[in-house]
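Reader: I am new to this structure. Please walk me through it, and tell me how each label is earned.

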Amino acid sequence: MLTEERYAAIIERLHQQGIVKLQELVDVLGASESTIRRDLIDLESRQMLKRIHGGAALMNEKTLEPGMEEKTSKNIQQKVTIARLAAQEIENGDCIYLDAGTTTLAMIPYIEAKDVTVVTNGLSHVEALVSKRIRSYLLGGMMKIHTKAVIGSIALQNMDNFRFDKCFLGTNGVDAEMGYTTPDPEEALIKRRAHQLSGKSYVLADASKIGEITFAKLFELEEADLITEQMPAHWRAVIEQKTKIIEG
């Protein structure tokens with residue numbers, strides 16, 4: 001059986017059952033255990049499944065994260081509005097942390113404060129910052145191909161060399177009870193550490209993120225100001241009780 005045929009059979013079985021065991025796949029596909037393990041590793045890297053002890057499971061939507069290209073094409077006008085508002089919070093001489101993400105990336109053209117220093121884990125961000133002649137530092141560590149974000153233990157160690165006046169973070173979910181959340185626990189660690197090292201934290205989220213909950217928690221709503229383009233009316237009263245809302 002060809003590799004792609006095995007892949008198709010594995011995904012089909014996952015859609016039927018939700019979870020498959022490694023030995024089951026070995027028996028059904030007639031391949032060695034080492035071959036099936038490699039298949040599962042490759043399929044997980046493509047975000048088509050999640051490896052679990054003894055097998056694999058179908059990816060839950062709460063653990064999925066869109067790629068940089070997909071996120072860039074969504075809610076463009078809302079992101080521009082949020083980016084402008086966020087950039088206005090930066091003051092002359094600030095040392096700030098810019099999280100990897102399309103909304104924080106959109107802030108860079110609107111930064112007008114002078115003598116600003118930026119630390120980021122976003123590859124695209126550094127390119128934009130250098131183009132604008134803003135002093136910038138890129139964290140070292142493992143580059144996440146899907147989102148062009150630097151993550152992992154090395155990035156966390158790098159971050160401890162800095163202290164920030166302000167940090168600007170993206171999120172995939174904003175919920176009154178569950179707080180701010182994101183699909184990837186490793187990215188959540190980076191965002192949380194930036195928040196801990198900052199005098200003031202801002203979370204940037206368009207209206208589609210309000211009321212959503214994803215896999216990994218960042219921190220509670222009250223720990224950061226929320227910057228959004230327009231708070232949905234049915235969420236306003238609940239969110240306002242928890243945090244300051246800055247909106248366009």
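Reader: Where does helix H2 lie, and at what angle does it run to E1?
Author: Helix H2 covers residues 22–29 and lies across E1 and E3. It runs at about 75° to E1. Bear in mind that this is a predicted model.

Reader: What does helix H3 touch?
Author: Helix H3, residues 33–45, packs on the sheet and touches E2 and E3. Its direction makes about 135° with that of E2.

Reader: How are the 3 strands of that open sheet ordered?
Author: The order is E1-E3-E2, with antiparallel pairing. Strand E1 (19–21) and strand E2 (50–52) each have a single partner strand, so one side of each has no neighbour in the sheet. That is why they stand at the edges. From one strand to the next, the twist averages 25°.

Reader: How do you know that E2 and E3 pair?
Author: Pairing takes at least two bridges. E2 is joined to strand E3 (residues 55–57) by 3 bridges, so the two count as paired. They run antiparallel. Within this pair, Lys 50 stands opposite Ala 57 in E3.

Reader: What span is expected for helix H5, and what does it reach?
Author: Helix H5 spans residues 76–87, which is 12 residues. At 1.5 Å a residue, 16 Å is expected. From its first C-alpha to its last, H5 reaches 16 Å, close to that expectation.

Reader: Which residues of H5 are called buried?
Author: They are Lys 79, Ile 82, Ala 83, Leu 85, Ala 86 and Ala 87. The label requires under 20% relative accessible area. In an α-helix, residues three or four places apart point the same way, because there are 3.6 residues a turn.

Reader: How many disulfides does a search of the whole structure find?
Author: The search finds 0. Cys 95 is in no disulfide, and its nearest cysteine sulfur, that of Cys 167, is 13 Å away. A disulfide needs the two sulfur atoms within 2.5 Å. At 13 Å, this pair therefore does not qualify. Cys 167 is likewise in no disulfide, with Cys 95 supplying its nearest cysteine sulfur.

Reader: Why is Cys 95 called partly exposed?
Author: Its relative accessible area is 30%. Buried means under 20% and exposed means over 50%. The value falls in between, so Cys 95 is partly exposed.

Reader: And what is the relative accessible area of Cys 167?
Author: It is 0%. The cut-off for buried is under 20%, so Cys 167 is buried.

Reader: What makes strand E9 largely enclosed?
Author: Strand E9 covers residues 164–170, and 6 of its 7 residues are buried. It is therefore largely enclosed by the rest of the structure.

Reader: Over how many bridges does E9 pair with E4 and with E12?
Author: Strand E4 (residues 95–98) and E9 pair over 3 bridges, in the parallel sense. Here Leu 98 has Phe 168 in E9 as its bridge partner. E9 and strand E12 (residues 198–204) pair over 6 bridges, also in the parallel sense. In E12, Ser 201 is the bridge partner of Cys 167.

Reader: How many helices and strands are there in the protein?
Author: There are 10 helices and 15 strands. The C-alpha trace spans about 65 × 40 × 30 Å along its principal axes. The protein has 248 residues, of which 48% count as buried. It exposes about 12300 Å², and carbon and sulfur atoms supply 51% of that.

Notes:
Residues are numbered from 1 along each chain as its sequence is written. This is a predicted model: local features need pLDDT of at least 70, side-chain atom pairs count only at pLDDT 80 or more; totals for chains, interfaces and linings use all residues. Side-chain values use heavy atoms; hydrogens and water are left out. Helices (H or I, at least four residues) and strands (E, at least two) are DSSP runs, numbered from the N terminus. Axes are lines fitted to C-alpha atoms, for helices over the stretch in contact, and angles run from 0 to 180 degrees between N-to-C directions. Contact means heavy atoms within 4.5 Å. The expected span of a helix is 1.5 Å times one less than its number of residues. Buried means under 20% relative accessible area, exposed over 50%, partly exposed in between (1.4 Å probe, protein chains only). Accessible areas come from the Shrake-Rupley method with a 1.4 Å probe; for residues, only the protein chains shown count as cover.
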